[in-house]
Amino acid sequence: MKDFLKQWDVSSKKQRAFILERFIHHFGNDDKAAALLINNLDVELGEIAPLFFSRIVCSFQMNHMKRDLILLHLECIFIYLRCQQSKQYLQRFISAGGIQLTLHVLQQQQQSRQSERDNNIDWKCLLILQRAIQLSAYLKQLICMNEGIPLLLSMCLNAPVTSPSATAAACVHSMQDWLYLLYDILKQLCIRNSAYRAYIHQCILNSIDDIDIDAYASVVNTEAIKLLLQVLQNTLILDDENNDDDDDDETHAQTQSFSLHSDRMMKKEQIHSLLKLIQLKRHQIIYELHKLCHILFQSSKIQFSLLASIIHFVKEANSAQKKSEDDAIAYRSLLRALVHENESMLSAESKQLLTDNNVNIDK
């Protein structure tokens, strides 16, 4: 293995691709032996390890538009980011603009997904971002600053679906694999990131707001919408009295959730967009929406708007044609659950709202 550095410097692109393949074959197998090799990469390669990494990154910069070479470079970079000195290599990668370049590759992939290999490139880019976030909290802000959140949300709502005609290479990862990886990245981006946490939540709400319920109902990606709702559930605790700057709060760090000012967080239109998801008539989505509404109910400011919006949808469904009866039942069920299970949290304003609208939750 130690002779490939000299070979690299005098090789053509085709020969360098072969060197990268040899490197991946040696270190990149998904078994315990390979994991041990990766961990001891610096021991095995010695002083040439960082030199070879610099060459890989430089080559990645020059060849990131060549689809036949991108995956090889990504595989090698990911191997380095899993070794014992991974933080050292991550800093080199960051300094070379590697994170921005990885996001650029993802963006290009989203604009044109024609080859079967594209999914593998996307997958490896996401693994690199996930690993980078684990190693450096600073990268959370860097990803947010470089339009990473809209890109990740777009990937959620357009996660690749395995088809019977796809080749084995394209079917390595199921849609559930993709969504779990995206969920973990989005969740980690919210944790201990007070500067951009509200922005991430806002982008999620905007993505939900952009969903056309009537057009989306027949082709709804239930798992993708569940993912967005779960990210909100697991990174959002609304507390009207807490400050935004709570990254040093050990209790919040342990729960991996954060408080936000609720009046900054939710608008009436966004609450309407969330509640409209009930009209998709997907039990899994409705279940996750119930859980999120119980969390939102903790905020006295959002509580009133949430109840007012549910009452609005109940009245709208009751006044509409017979086909909306299921919607009316679903909204009444949500209203009943929220009020019964959180009766002690009801504000005076919310109680008055229920009284003024003659809401009988027992029906």
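In this predicted model, aspartate 327 counts as buried, because its relative accessibility of 10% falls under the 20% cut-off. The side chain of aspartate 327 meets that of lysine 281 in a salt bridge, with 3.0 Å from N to O. This pair joins distant parts of the chain, since lysine 281 sits in the loop between helix H18 (268–276) and H19, whereas aspartate 327 belongs to helix H21 (residues 325–341), 46 residues apart. Lysine 281, for its part, counts as partly exposed at 43% relative accessibility.

## Salt bridges

Side chains of opposite charge can pair when their charged atoms come close. The structure holds five salt bridges, and the table sets out some of them, including the one just described.

| Salt bridge | N to O distance |
|---|---|
| lysine 281 and aspartate 327 | 3.0 Å |
| lysine 226 and glutamate 223 | 3.6 Å |
| lysine 291 and glutamate 288 | 3.9 Å |

Lysine 226 and glutamate 223 are three residues apart in helix H15 (residues 222–235), and this places them about one helical turn from each other. An α-helix has 3.6 residues a turn, so residues three or four places apart point the same way. Lysine 226 is buried, with a relative accessible area of 13%, while glutamate 223 counts as partly exposed at 24% relative accessibility.

Glutamate 288 and lysine 291 show a similar spacing within helix H19, where they lie three residues apart, about one turn of the helix. Glutamate 288 is buried, with a relative accessible area of 5%, and lysine 291 is partly exposed, with a relative accessible area of 35%.

## Helix H19 and its surroundings

How many of the 14 residues of H19 are buried? Ten of them are, so the helix is largely enclosed by the rest of the structure. Among the buried residues of H19 are Ile285, Ile286, Leu289, His290 and Cys293, together with Glu288, the acidic partner in the salt bridge with lysine 291.

The length of this helix can be checked against an expected value. Helix H19 (residues 283–296) has 14 residues, which at 1.5 Å a residue should span 20 Å, and its end C-alpha atoms are indeed 20 Å apart, so the two values agree.

Lysine 291 also offers an example of how sequence and space can be compared. Along the sequence, lysine 291 and leucine 229 are 62 residues apart, and in space they are 8.9 Å apart, taken from C-alpha to C-alpha.

## Aromatic pairs

A pair of aromatic rings is described by the distance of the centres and the angle of the planes. The count for this structure comes to eleven aromatic pairs. One of them is formed by tryptophan 8 and phenylalanine 52, whose ring centres are 5.6 Å apart and whose planes stand at 90°, an arrangement that is edge-to-face. Tryptophan 8 lies in helix H1 (residues 4–9) and phenylalanine 52 in helix H5 (residues 48–63), so the pair ties together parts that are 44 residues apart in sequence. Both partners are buried: tryptophan 8 has a relative accessible area of 3%, and phenylalanine 52 has a relative accessibility of 0%.

Tyrosine 180 and tyrosine 183 form another of the aromatic pairs, and because their planes are at 40°, with the centres 6.2 Å apart, the pair is tilted. These two tyrosines are three residues apart in helix H12 (residues 175–190), which separates them by about one helical turn. Is tyrosine 180 buried or exposed? At 57% relative accessibility, tyrosine 180 counts as exposed, whereas tyrosine 183 is buried, with a relative accessible area of 14%.

Ring pairs can also join into a cluster, and here they link Trp8, Phe23, Phe27, Phe52, Phe53, Tyr80 and Tyr89. Both rings of the edge-to-face pair described above, Trp8 and Phe52, therefore belong to this cluster.

## Two packed helices

Two packed helices are described by the angle between their axes and the distance between the axes. For helix H8 (residues 98–111) and helix H9 (residues 118–135), the axes come within 10 Å and cross at roughly 150°. Because angles over 145 degrees count as roughly antiparallel, H8 is roughly antiparallel to H9. The crossing of H8 and H9 is left-handed.

Technical notes:
Residues numbered from 1 in each chain as written. Predicted model: local features only at pLDDT ≥ 70, side-chain atom pairs only at ≥ 80, totals over all residues. Heavy atoms only, no water. Phe/Tyr/Trp six-rings, centres within 6.5 Å; stacked < 30°, edge-to-face > 60°. Helix = DSSP H or I, 4+ residues; strand = E, 2+ residues; numbered from the N terminus. Buried < 20%, exposed > 50% of the residue type's maximum accessible area, 1.4 Å probe, protein only. Expected span 1.5 Å × (residues − 1). Salt bridge = Lys/Arg side-chain N within 4 Å of Asp/Glu carboxyl O. Axes fitted to C-alpha atoms, helices over the stretch in contact; angles between N-to-C directions. Parallel < 35°, antiparallel > 145°, perpendicular 65-115°, else oblique. Left-handed = near helix turned anticlockwise from the far one by under 90°.
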